[in-house]
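User: I would like to go through a protein model step by step. Could you show it to me before we begin?

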Amino acid sequence: MSRIGELLVREKMLSLQQLQQAQEEAKRTGKRLGATLSRLGYVKDQELTQFVAKQYSLPSINLAEIEIEAGVLKLVPREICEKHQVIPVRRNGPTLIVAMADPANIYAIDELKFLTQYNIEPVVASESQLEAALTRYYDKGPDLDQMMGEFDVDNVDYASVSDDAVNVVDLENQAGEAPVVKLVNAIMLSAIKKKASDIHVEPYEKSFRVRFRIDGILQEEMRPPLKLRNAITSRLKIMASLDIAERRLPQDGRIKLKIGANKEMDFRVSVLPTLYGEKIVMRLLDKSTLQLDMTKLGFDIKPLEDFKYAIKKPYGMVLVTGPTGSGKTTTLYSALSELNTMDRNISTAEDPVEFNLHGINQVQMHEDIGLNFATALRAFLRQDPNIIMVGEIRDFETAEIGVKAALTGHLVLSTLHTNDAPSTVSRLLNMGIEPFLVTASVNLVVAQRLARRICQDCKIPDEKHPEALAKMGMTDEQVRTAKVMRGRGCQTCNNTGYKGRVALYEVMVFTDPLKELVLQGASATEIKAEMIRGGVQSLRMAGIAKILEGMTTPEEILRTTVDD
């Protein structure tokens, strides 16, 4: 694939600097170059596939649109397919047609020829499609229905679901049984393969279910027998080093899962006692997918310039706002990554610390011993800091110390839970911060959302009625020229029509007219009107721009944003 990189540079589809960055990133993450180029946004998957096919005068293939026979798949073992990033597609007499990302890989062709005794005819497919096909055909993940058959729940005396005084030793024994261990591991591995962000293990009166959050939407994965509730719950608590005897109080823990030779996945575990047992939610934290390059987060040019200008100021406050799971932490980490130089002292107070960043002093909060955001902030101010990051401003005490730090020569980054950028001002005032302190300390507020991205493999035009587009806030000109797209649904996107997410940003710089409105006690609505008058793109406007670019659908924007 390095030869492909050189050809892309020669054809001016890629700069030498971009190629070098992609090669370094591929080396760091253990991913292939093609997939890395696509993930960094340097070259689109389809463009790369067409380019390779043209260079070698070979046909290209869309693996999402074909069904490969089981007999063909048996000709090449999974290990060989993964080693060379190939998959057999079909037989044609004495010839085996094989999809490859790099048709110049002579070693792969020779090995396949020797192994199968067929003549090998390569066709070109994208690395992401090959990866999806390998998962789909060779590694379909655990057959959870089949696994359920391994439990003889009628004859084995699992702890009764209604028995609150279950013996701890019994719980430990049940949690350690081979089928329970296998099932729990299968659930976690299935979530990783499906790129879920959260796993929900939920007990109800007469049922027990497991759901995955994929691209921000919860989907039911399986319903284990109710008798297994205590065994599965105990197994997860043992893995997270929690007290399995304590079933009345919430608990938090962490599970580290080693995948392959050089990849570790972190699961942040939260246990909550409910009416019918303990509900467990696990947040998946994969450092290899953490995007720290600010230009790749989805900012438009002007908002990105405003954001970079605000975080480069020597003091003041930059706030990122949005609901849980909207990507606030990623935005803050990308800002810290940009600011992380030898001459700066950066300290962060987080609850919890999601990713470890080299060169930054990260502090984990422990409310039970009195280490909260306010306590950590006070300690930071005695540590000669340049930049302080506070996980969240939740109360007056934290807000007050943060504002004072911003006014005394420190750059303070933090998050708040509000619906949009103007509402952040109201939240600070409601907490008890004086208006003149807000205007003096806050440099910029970013509101953000994540909308699902249309699947690139099944993207088709969507004839939307002009009135529906106008109703969501498009101008007459936009309605007239809009080429709305949607996903038809395919194997790649699990028939949802969406794969991955795109960020929407509302970047409000604190200009003099806005400061004046705050001092006059204006409402969030008035501040928003002035913000838009000043040329700031609201979340809904940012969403409309993404629809016009063919990245997402009107339904997604209506789901994630509100009318201006």
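The conversation below moves from the whole chain to some of its parts.

User: What kind of model is this?

Analyst: This is a predicted model.

User: How many helices and strands are there in the protein chain?

Analyst: The protein chain has 24 helices and 18 strands. Its radius of gyration is 26 Å, close to the 24 Å that the globule rule gives for 564 residues, so the chain is as compact as a globular protein of that length.

User: What box do the C-alpha atoms fill?

Analyst: Taken along the principal axes, the box is roughly 80 × 70 × 55 Å.

User: And how much of the chain is buried?

Analyst: Of the 564 residues, 49% are buried. The accessible surface of the chain comes to about 27600 Å². Carbon and sulfur atoms account for 49% of that surface.

User: What about contacts between residues at least 6 apart in sequence?

Analyst: Among those contacts, 64% join residues at least 24 apart.

User: Where do the charges sit on average, positive against negative?

Analyst: There are 71 positive and 76 negative charges, and their mean positions are 3 Å apart.

User: Let us turn to strand E2. Is it covered or exposed?

Analyst: Strand E2, residues 95-100, is mostly covered, with 6 of its 6 residues buried.

User: Which way do the residues of E2 point?

Analyst: Thr-95, Ile-97 and Ala-99 point one way, while Leu-96, Val-98 and Met-100 point the other way. The residues of both sets are buried. In a regular strand, side chains alternate between the two faces of the sheet.

User: Which strands pair with E2, and in what sense?

Analyst: Strand E1, residues 86-92, pairs with E2 in the antiparallel sense over 6 bridges. Strand E3, residues 119-124, pairs with E2 in the parallel sense, also over 6 bridges.

User: Which residues could I look at to find those pairings?

Analyst: For E1 and E2, look at Val-86, which stands opposite Met-100 in E2. For E2 and E3, look at Leu-96, whose bridge partner in E3 is Ile-120.

User: What is found between the strands in the hairpin of E1 and E2?

Analyst: The hairpin has 2 residues between the strands, and Gly-93 in this hairpin takes a positive phi near 65°.

User: Now a helix residue. Where is Ala-133, and is it buried or exposed?

Analyst: Ala-133 lies in helix H8, residues 127-137. Its relative accessibility is 5%, and buried means under 20%, so Ala-133 counts as buried.

User: What does Ala-133 touch?

Analyst: Not counting residues up to four places away in sequence, Ala-133 touches Leu-63, Ile-87 and Tyr-138. As for Ala-64, it is 69 residues from Ala-133 in sequence, yet the two are 7.6 Å apart in space, C-alpha to C-alpha.

User: How enclosed is helix H23?

Analyst: Helix H23, residues 539-548, has 8 of its 10 residues buried, so it is largely enclosed by the rest of the structure. Among the buried residues are Leu-539, Arg-540, Ile-544 and Lys-546.

User: What covers the buried residues of H23?

Analyst: The cover includes strands E15 (442-454) and E18 (498-509), together with helices H20 (476-481) and H24 (554-560). After H23 comes Gly-550, whose phi is positive, near 80°.

User: And helix H12, how many of its residues are buried?

Analyst: In helix H12, residues 229-239, 10 of the 11 residues are buried, so this helix is largely enclosed by the rest of the structure. The buried residues include Arg-229, Ile-232, Leu-236 and Met-239. H12 is followed by Ser-241, which has a positive phi near 55°.

User: Last topic: the loops. Where is Asp-420, and what is it in contact with?

Analyst: Asp-420 is in the loop between strand E14 (411-416) and helix H17 (421-431). At 12% relative accessibility, Asp-420 counts as buried. Leaving aside neighbours within four places in sequence, Asp-420 is in contact with Thr-321, Ala-447, Glu-506 and Lys-528.

User: What about Glu-367?

Analyst: Glu-367 lies in the loop between strand E12 (361-364) and helix H15 (373-380). It is partly exposed, with a relative accessible area of 47%. Apart from neighbours within four places in sequence, Glu-367 is in contact with Asn-372 and Arg-394.

Key: Residues numbered from 1 in each chain as written. Heavy atoms only, no water. Helix = DSSP H or I, 4+ residues; strand = E, 2+ residues; numbered from the N terminus. Buried < 20%, exposed > 50% of the residue type's maximum accessible area, 1.4 Å probe, protein only. Contact = heavy atoms within 4.5 Å. Rg over C-alpha atoms; globule rule 2.2 N^0.38 Å. Areas by Shrake-Rupley, 256 points an atom, 1.4 Å probe, with all protein chains shown as cover. Lys, Arg positive; Asp, Glu negative; His and termini not counted. Charge placed at Lys NZ, Arg CZ, Asp CG, Glu CD. Pairing = 2+ DSSP bridges.
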